[in-house]
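Visitor: I have a structure to look at and some questions about how to read it. Please take them in turn.

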Amino acid sequence: VLADGRTMLLNDSVGWGREADLQQVRLDEQGITYQQSDSLEKEEVFNTLIIPKGGEFQIQLADGSRVWLNSETELRYPVNFTAEKRRVFLKGEAYFEVAKNAQIPFVVTTSAGIDVKVLGTKFNFRDYPDDAEAIVSLSEGKVALNNLLKKEKEAFLLPNERVVLNKKNGRMHVE
């Protein structure tokens, strides 16, 4: 779903295109690839990628971060990042390989009330609306988690750790 409300079926076309005169976008058998425009935009323009039941898809964001989306997942993302932030919004499950940028952290926000902040790492985030828990599993790097529901102190994950957020009581714990 494009920022202006138009809907594109991703299996309808392959090749390069220009989106909202901002940058080039390529669609091929690997997924969608955005190219960073020459200048960082002052205002973010968001698209939403919706994966149907039984589907999978991958996207490379404008900053070079790669995201693999699982079935019944939605990712709301800016087509070009601003100079101040790199933030995406997730419903469902996705595996992230975040491009390193020490000056501008990458943040994934979900409706479960977790913000995952990273500088460059690999992790999986699962937060389907009907699940009792939201789970973040880290495979490489380091992430900081903020529990927005309970206003708890920031938690940090190291490789091979995961955090589980109980959506009913809002508590999270590291395993």
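Visitor: What share of the exposed area do carbon and sulfur atoms supply?
Guide: The model is a predicted one. In this model the protein exposes about 9,600 Å². Carbon and sulfur atoms supply part of that area, and their share is 48%.

Visitor: How many helices and how many strands does the protein have?
Guide: Elements are counted here as helices or strands. The count of helices is zero, and the count of strands is 16.

Visitor: What percentage of the residues count as buried?
Guide: A residue is called buried when its relative accessible area is under 20%. The protein has 175 residues, and the share that count as buried is 43%.

Visitor: Is Thr 73 buried or exposed?
Guide: Thr 73 belongs to strand β7, which covers residues 73–78. Its contacts beyond four places in sequence include Leu 49, Leu 90 and Tyr 128. The relative accessible area of Thr 73 is 0%, so this residue is buried.

Visitor: Which residue has its backbone nitrogen 2.9 Å from a polar atom of the Thr 73 side chain?
Guide: The side chain of Thr 73 has a polar contact with the backbone oxygen of Ser 71, at 3.3 Å. A backbone nitrogen also lies 2.9 Å from a polar atom of this side chain, and that nitrogen belongs to Glu 93.

Visitor: Which residue is the bridge partner of Ile 51 in β7?
Guide: Strand β4, residues 46–51, pairs with β7 in the antiparallel sense over six bridges. Within β7, the partner of Ile 51 is Thr 73.

Visitor: Which residue of β8 stands opposite Glu 74?
Guide: β7 also pairs with strand β8, residues 86–97. This pairing is antiparallel and has three bridges. Opposite Glu 74, in β8, stands Lys 91.

Visitor: Which strand gives the most residues to the largest nonpolar core?
Guide: The largest nonpolar core has 38 residues. Those that touch the most other members are Ile 59, Phe 96, Val 116 and Phe 123. With four residues, the strand that gives the most to this core is β8.

Visitor: What angle lies between the planes of Phe 96 and Phe 106?
Guide: A search of the whole structure finds five aromatic pairs. Phe 96 and Phe 106 form one that is edge-to-face, with the centres 6.2 Å apart. Planes over 60 degrees apart count as edge-to-face, and the angle in this pair is 65°.

Visitor: How many residues apart are Phe 96 and Phe 106?
Guide: Both residues are buried, and ring pairs link them with Phe 81 and Phe 123 into a cluster. Phe 96 is in strand β8 and Phe 106 is in strand β9, residues 106–110. Along the chain they are separated by 10 residues.

Visitor: How many of the five residues of β9 are buried?
Guide: Phe 106, Val 108 and Thr 110 lie on one side of β9, and these are buried. Val 107 and Thr 109 lie on the other side, and they are buried too. The count of buried residues in β9 is therefore five, by the cut-off of under 20% relative accessible area.

Visitor: Which residue of β9 stands opposite Arg 86?
Guide: β8 and β9 pair in the parallel sense over five bridges. Opposite Arg 86, in β9, stands Phe 106.

Visitor: Which residue in the turn between β9 and β10 has a positive phi?
Guide: β9 and strand β10, residues 114–118, run antiparallel and are joined by four bridges. One facing pair is Val 108 and Val 116. The two strands form a hairpin with three residues between them, and the turn residue with a positive phi, about 95°, is Gly 113.

Visitor: What is the relative accessibility of Ser 65, and which residue has its backbone nitrogen 2.9 Å from its side chain?
Guide: Ser 65 is in the loop between β5 and β6, and its contacts beyond four places in sequence include Ile 59 and Phe 106. Ser 65 counts as buried because its relative accessibility is 1%. The backbone nitrogen 2.9 Å from a polar atom of its side chain belongs to Ala 99.

Technical notes:
Residues are numbered from 1 along each chain as its sequence is written. This is a predicted model: local features need pLDDT of at least 70, side-chain atom pairs count only at pLDDT 80 or more; totals for chains, interfaces and linings use all residues. Side-chain values use heavy atoms; hydrogens and water are left out. Buried means under 20% relative accessible area, exposed over 50%, partly exposed in between (1.4 Å probe, protein chains only). A polar contact is a pair of N or O atoms within 3.5 Å; within protein, one must be able to donate a hydrogen and the other to accept it, and residues adjacent in sequence count only if both atoms are side-chain atoms. Contact means heavy atoms within 4.5 Å. Accessible areas come from the Shrake-Rupley method with a 1.4 Å probe; for residues, only the protein chains shown count as cover. Two strands pair if DSSP finds at least two bridges between them. A nonpolar core is a set of buried Ala, Val, Leu, Ile, Met, Phe, Trp, Tyr and Cys residues joined through side-chain atoms within 4.5 Å. Rings of Phe, Tyr and Trp (its six-membered ring) pair if their centres lie within 6.5 Å; planes under 30 degrees apart count as stacked, over 60 as edge-to-face and the rest as tilted.
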